Amino acid sequence: MASSVISSSPFVCKSSKKDLGFSSFTKSSQISIHRCQKKSISRKIVSVMAPQKDRSPGTTGSVKTGMTMTEKILARAAEKSLVVPGDNIWVNVDVLMTHDVCGPGAFGIFKREFGEKAKVWDPEKIVVIPDHYIFTADKRANRNVDIMREHCKEQNIKYFYDITDLGNFKANPDYKGVCHVALAQEGHCRPGEVLLGTDSHTCTAGAFGQFATGIGNTDAGFVLGTGKILLKVPPTMRFILDGEMPSYLQAKDLILQIIGEISVAGATYKTMEFSGTCIESLSMEERMTLCNMVVEAGGKNGVIPPDATTLNYVENRTSVPFEPVYSDGNASFVAEYRFDVSKLEPVVAKPHSPDNRALARECKDVKIDRVYIGSCTGGKTEDFMAAAKLFHAAGKKVKVPTFLVPATQKVWMDVYALPVPGSGGKTCAQIFEEAGCDTPASPSCGACLGGPADTYARLNEPQVCVSTTNRNFPGRMGHKEGQIYLASPYTAAASALTGRVTDPREFLQ
Amino acid sequence: MAASLQSVNPTLSRNLSSPNNSSSFAPFRSPFLRFNSTTVASDFKPLVSFRNASSSSPFVTRSAAEPQERKTFHGLCYVVGDNIDTDQIIPAEFLTLVPSNPDEYEKLGSHALVGLPAAYKERFVQPGEMKTKYSIIIGGENFGCGSSREHAPVCLGAAGAKAVVAQSYARIFFRNSVATGEIYPLDSEVRVCDECKTGDVATIELREGDSILINHTTGKEYKLKAIGDAGPVIDAGGIFAYARKAGMIPSAAP
């Protein structure tokens, strides 16, 4: 049973009936009163019940219950032919990821529960990626990487992206950086699989059409020993994004728009499934940005149906066979939202919540102290390319300290090697230097979550920062009174140039 | 079940065939357990009472034949608002502490809720202290949102809190609370955080069917929702005990 929820913000009002999803209703359905207030932005959501979709009998003659993508992935992983939301099932895990912060704890629990001599369920299905507190003098942080090295040696773990020389990240051939970006780049993300990670932004991998979610140390310790986890099947909320993406808009704007619409608990315990012509036009990195912040809406996981873009990316990076799945036509969704992307504008999330949405242009009087471009959300190659493109178009210098932290070694290399389209062959690094940004730093999670006191670009004073990261709760980047505006790379770059929160159209049109 | 696990993990067969020194249904013994039946928490109000005094944890496992225990938590309340994210519960700079290490577990407790803004004048753990005087945390919507760090429920438990009563939870925090057994997550039906103040004395009684929160300072009682699907896992004593009970994994390691 699907219910459609229509938001009465202005851009939805202007769109056609088709965009509002009326085409999915039959004549017999009830249609609610659609409130379209042009003067004030009403946040009221009006709920409409759509009729049960018709089920066509299967070829065997029995009635086939449609499943969503997530339900199908979990059913297959639980070796069941059918699951419905609410089922508690034991699921086989394809990949377990952990990093330097949670890895020691997870392995500690694994050993305590399975024995000091226990072996992990499959040393080739565990990926250990130090990334959180790397370039720091903090002894405990450094020790945690050492602890992971010991575990990986003992367990013969195939994928351990180690770092030993903290003074020069390039001297570490195995070191990658931010786990979620590294997982994708190293070919560990595959359609149809179940990926768990001891990090809330593991949901990023849903961009590849797999079930990916974050778990704690205890659950991870359990998976280490068994390769299984007890999961409750989530219902799916559908987000259909259609229309042509404006040149000044990015996936970050889309997800901030959505979180602003449904709130930080709007998707709690649910799957967020993204589809539509706009989604199909997005690159893998943009899709990753979208799925990355699903957890900020409380979502259990995010998914995007795999297509040629997905397969092209994945097949270039892995030889492990995989089988994508797709939502059935008669699957049930618990809610449906439609957006006409062509009508959207750049947005920010104001302090101190990811759902505190505002139009970037309406915040132009907010004076800022710094800009941070980095993290799994906004520190990928395309994120830096976008920022460089805007800086180049503007031809100006930044007015505030602008910190750049590439997510991985590969991103760092791209920043220094790839030419930025339309710049006459300049690299991102050159453009950043000309604009007066800080030199791109060693790749890691960096200051996105504050970290040890000596973390590069940490907010140690109550300053105002525009950031391409994912959370802006009090104290997130360090100082409790720091004010963080979450934004797209375009918006962050534009803001750096003016010293105020700035809509990127000031430089991109 | 065991056979299927052997095919998943050949190394598990070694554990299955080797003798172990406990019954097939071993109690969940977390090294984080703060007290055993002989110790009594010193400056705090009595925190947990059981009918079965031999257990050393509210989440002790028991055989299927034993009746449901009545669990009681009693003490001071600490009241917070909506969307208390895990960065406020335990700021990232303290995540270098490894929860499975007993010393660092204690240190985590001392930093519990230190990330709350200055507007919270009364702090959860007094500066210089290792433990909290508050046994019950009262929250609003979406308690524990944000990062998946298990350090969050762990630090609350390490500090000495016993239960959270919130209007709603973020899922990873709720799941971690259940999996670790560190703190009992309970749902209220109304906005209890609006009617309670930090320092109120309260009792939580968990019963089959109707669990309640009694605020002795205001005299009001509130119904608490049933724990739902997490019940069997909590009652078993966490995910490992639950899995052992279900035959999914072998008995506790020797």
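# Exercises on a predicted two-chain model

Between chain A and chain B there are five salt bridges, a salt bridge being a side-chain nitrogen of Lys or Arg within 4 Å of a carboxyl oxygen of Asp or Glu. This is a predicted model, in which local features need pLDDT of at least 70 and side-chain atom pairs count only at pLDDT 80 or more, while totals for chains, interfaces and linings use all residues. Residues are numbered from 1 along each chain as its sequence is written, chains are lettered from A and ligands numbered from 1 in the order in which they are written, and side-chain values use heavy atoms, with hydrogens and water left out.

## Exercise 1: where the chains meet

**Task.** Describe the contact between chain A and chain B, and find out which elements of chain A supply at least two residues to it.

**Solution.**

Step 1. Start with contact, which means heavy atoms within 4.5 Å. By this rule, 57 residues of chain A touch 57 residues of chain B.

Step 2. Turn to area. The size of an interface is often given as the accessible area lost when the parts come together. Here about 4,600 Å² is buried between the two chains, and carbon and sulfur atoms give 56% of that. Buried area is the accessible area (1.4 Å probe) that two parts lose on being put together, summed over both.

Step 3. Look at individual pairs. One salt bridge joins Arg143(A) to Glu104(B), with 2.5 Å between the closest N and O atoms. On the chain A side, β3 (88-92), α3 (103-114), α4 (139-155), β8 (211-214), α6 (217-226) and β9 (228-232) each supply at least two residues that touch chain B. Helices (H or I, at least four residues) and strands (E, at least two) are DSSP runs, numbered from the N terminus.

Step 4. Sort the residues. The side of chain A that touches chain B has 23 nonpolar, 18 polar and 16 charged residues. In this sorting, Ala, Val, Leu, Ile, Met, Phe, Trp, Tyr, Cys and Pro count as nonpolar, Asp, Glu, Lys and Arg as charged, and the others, Gly among them, as polar.

## Exercise 2: following helix α4

**Task.** Is Asn144(A) buried or exposed, and which salt bridges involve Arg149(A) and Glu154(A)?

**Solution.**

Step 1. Find Asn144(A) in helix α4 of chain A. Asn144(A) is buried, because its relative accessible area is 2%; buried means under 20% relative accessible area, exposed over 50%, and partly exposed in between (1.4 Å probe, protein chains only).

Step 2. Check its surroundings. Leaving aside neighbours within four places in sequence, Asn144(A) is in contact with Asp100(A) and Pro104(A), and across the chains with Leu95(B), Thr96(B) and Val98(B).

Step 3. Take Arg149(A), which forms a salt bridge with Asp146(A), the closest N and O atoms being 2.8 Å apart. Both lie in helix α4 of chain A, three residues apart, about one turn of the helix. An α-helix has 3.6 residues a turn, so residues three or four places apart point the same way. Arg149(A) is buried at 16%, whereas Asp146(A) is partly exposed at 37%.

Step 4. Finish with Glu154(A), whose salt-bridge partner is Lys111(A), at 2.7 Å between the closest N and O atoms. This pair links distant parts of the chain, with Lys111(A) in helix α3, Glu154(A) in helix α4 and their positions 43 residues apart. Lys111(A) is buried at 8% relative accessibility, while Glu154(A) is partly exposed at 36%.

## Exercise 3: into the core

**Task.** Which helix of chain A gives the most to the largest nonpolar core, and what does Phe391(A) touch?

**Solution.**

Step 1. A nonpolar core is a set of buried Ala, Val, Leu, Ile, Met, Phe, Trp, Tyr and Cys residues joined through side-chain atoms within 4.5 Å. The largest has 217 residues, and Phe274(A), Phe391(A), Phe124(B), Phe143(B) and Leu156(B) have the most contacts inside it.

Step 2. The helix sought is α12 (residues 381-394) of chain A, which gives eight residues, the most to this core.

Step 3. Beyond its neighbours within four places in sequence, Phe391(A) is in contact with several residues, including Val398(A), Ile431(A), Phe432(A) and Leu497(A).

Step 4. For contrast, take His392(A), also found in helix α12. His392(A) is partly exposed, with a relative accessible area of 30%.
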